[in-house]
Amino acid sequence: MDVICIYPGVVEMRILLMIFLLSPLFSVMMPSDARAQMTDETRDFIVSEHNRLRRDAIGPGGPDVVSTVTATAMREIEYDMKLECVAQGYLDSYPGGIPGHNSNRDADYFACGGSGYVGESHYSGHPQYGVAGGATRAWVDFIWPMAWGGNDCSERQNYHGDGGCSGSTGHYTQVLWSSTYKVGCGYTPAVGTVCNYSPGGNHVGQSPFTIGEACSACPTSHPFCNDGLCSSVPSGDPIFLNGFELLP
């Protein structure tokens, strides 16, 4: 059984993020029209943002400040419609407000055709648009003000201790978790965004990545090096799963 890390200092509030770090089972299947909440453009954006931030957000600094630090085996993120099935189905079960973590998401992933431990993050806004620039950017670099229950720091700053910051980092580390390579998200205006990850990260006693020469320890499932990330396909090929491909 996976042992999951629960980071101290996570603030639960109306507009703040929540990362859900426990796993067991889900019994609600996704309605047939649930995926209508997501678009190919948004799926493309989610994958691009995860991979951009995995490439340039390893070290301290704001958005698009490229770090000299590299990871030995950080995999390229792909989009998984089975994980979207989990996320959208769970969101569609909520009429509004902040959902609790989906404690049954592993079983729901199995019901949607996947397998294994699933990570989960929630954001109260849109996956692509808004003041934070979308959910993925918010999880890494949005400065959460004290007035909202934050500490005037981003999760990236908390992780690196920039400017004396210290606090929640679980969304940031899941975005960067080296062995995670699949993401799928859901969205409803009433609830916000949920992204699910496979295999999920944030395990007790483990770092999100190993610092060293980029692509120097890529797994056999991801043998190609694509701009510092281990990829399952040669550079330039589409990296999406389950039939979803980039828009022309």
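What is the handedness of the disulfide formed by Cys218 and Cys230? In this predicted model, the torsion about their S-S bond comes to about -80°, so the disulfide is left-handed. The sulfur atoms of Cys218 and Cys230 sit 2.0 Å apart. As for placement, Cys218 belongs to the loop between E5 and E6, while Cys230 is part of strand E7 (residues 229-231), so the bond ties together parts of the chain 12 residues apart in sequence. The two ends also fall into separate burial classes. Cys230 is buried, at 0% relative accessibility. Cys218, on the other hand, comes out at 22%, and because buried means under 20%, Cys218 counts as partly exposed.

That bond is part of a broader set, as the count for the model comes to five disulfides. With bonded cysteines counted along the chain, the pairing runs 1-2, 3-4, 5-6, 7-9, 8-10.

Another of these disulfides joins Cys215 to Cys225, with an S to S distance of 2.2 Å. Here the torsion about the S-S bond is about 75°, so this disulfide is right-handed. Cys215 sits in the loop between strand E5 (192-198) and strand E6 (224-226), and Cys225 is in strand E6 itself; the pair, 10 residues apart, links distant parts of the chain. Burial again splits the partners: Cys215 has a relative accessible area of 17% and is buried, whereas Cys225 is partly exposed at 44%. The loop between E5 and E6 thus turns up in both pairs, holding Cys215 as well as Cys218.

Turning to the helical part of the story, a disulfide joins Cys153 to Cys165, and the S to S distance is 2.0 Å. Its torsion about the S-S bond is about -75°, so the bond is left-handed. Both partners are loop residues: Cys153 lies between helix H4 (135-141) and helix H5 (155-160), and Cys165 lies between H5 and helix H6 (170-176), so the bond ties together parts that are 12 residues apart in sequence. What about burial at each end, starting with Cys153: buried or exposed? Cys153 counts as buried, with 7% relative accessibility. Cys165 is buried too, at 11% relative accessibility.

Put side by side, the handedness reads as follows: left-handed for Cys153 and Cys165, right-handed for Cys215 and Cys225, and left-handed for Cys218 and Cys230.

Terms used: Residues numbered from 1 in each chain as written. Predicted model: local features only at pLDDT ≥ 70, side-chain atom pairs only at ≥ 80, totals over all residues. Heavy atoms only, no water. Disulfide = S-S within 2.5 Å. Helix = DSSP H or I, 4+ residues; strand = E, 2+ residues; numbered from the N terminus. Buried < 20%, exposed > 50% of the residue type's maximum accessible area, 1.4 Å probe, protein only.
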